[in-house]
Amino acid sequence: GSFIYPQVRQKLQELCVPGRIALQLICQHALLHGMKNYEGAKAYALKANELWMLVGKCVDQQTPWPFPGLGEFLRAWNVDGLPDVAAMAWYPDANKMRGKRPEESEAHYWPCAPLKDPQCFPAGSNNLYTSCSHCCDPGAGAMGDANCFVGAWSFARCCRTPNDAGRFY
């Protein structure tokens, strides 16, 4: 049987390709470090590599999250048998494991990652007006979507801006 609850499996099906790759890495590491199932980990790596070969360039250009060195890591699993133990875990550059900044990509969550004030945008809410990516979107205006902010919940409190200017432009 599967160790993933049906509700979690359903959420996995809704994820974008970079999210699926990230989840494959999490599952692979669970197999490596938790279950010590190296053949299962190799199967995850090989499938992730197939996907990465299709989307690696666009992931780097069009997503807010980097995967530094992932291609090389996944290729190391494409051998007969198992790779060297040293190649079984992905150790990306910790300085690059963060949301991309605006100067690095047009696809970034800079106003929202990390959240300026987590109380502004409660986790698990389906309300559009409690979504940082909606409310703090520079495309909605110099101060995001004004419909999101009322009373103590202000643009200045909730949205990060360049040089703390209090507006995007």
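**Notebook: Asp 117, Gln 28 and the chain overall**

I looked first at the side chain of Asp 117 and found that it makes a polar contact with the side chain of Arg 157, at 2.6 Å. I note that the model is predicted.

I then asked where Asp 117 lies in the chain. I placed Asp 117 in the loop between α4 (70-75) and α5 (132-135).

Is Asp 117 buried or exposed? I read a relative accessible area of 16% for Asp 117. Buried means under 20%, so I entered Asp 117 as buried.

I turned next to Gln 28, which I found in helix α2, residues 17-35. I recorded Gln 28 as buried because its relative accessibility is 1%.

Which residues does Gln 28 touch, not counting those up to four places away in sequence? I listed Ala 41, Tyr 44, Ala 45, Phe 73, Trp 77 and Met 88.

I then looked up the secondary structure of the chain and recorded six helices and zero strands. Read from the N terminus on, the elements run α-α-α-α-α-α.

For the chain of 169 residues, I noted that 34% count as buried. I entered an accessible surface of about 10700 Å² for the chain, with 57% of that surface belonging to carbon and sulfur atoms.

Last, I checked the contacts in the chain between residues at least 6 apart in sequence. Of these contacts, I recorded that 53% join residues at least 24 apart.

Terms used. Residues are numbered from 1 along each chain as its sequence is written. This is a predicted model: local features need pLDDT of at least 70, side-chain atom pairs count only at pLDDT 80 or more; totals for chains, interfaces and linings use all residues. Side-chain values use heavy atoms; hydrogens and water are left out. Helices (H or I, at least four residues) and strands (E, at least two) are DSSP runs, numbered from the N terminus. Buried means under 20% relative accessible area, exposed over 50%, partly exposed in between (1.4 Å probe, protein chains only). A polar contact is a pair of N or O atoms within 3.5 Å; within protein, one must be able to donate a hydrogen and the other to accept it, and residues adjacent in sequence count only if both atoms are side-chain atoms. Contact means heavy atoms within 4.5 Å. Accessible areas come from the Shrake-Rupley method with a 1.4 Å probe; for residues, only the protein chains shown count as cover.
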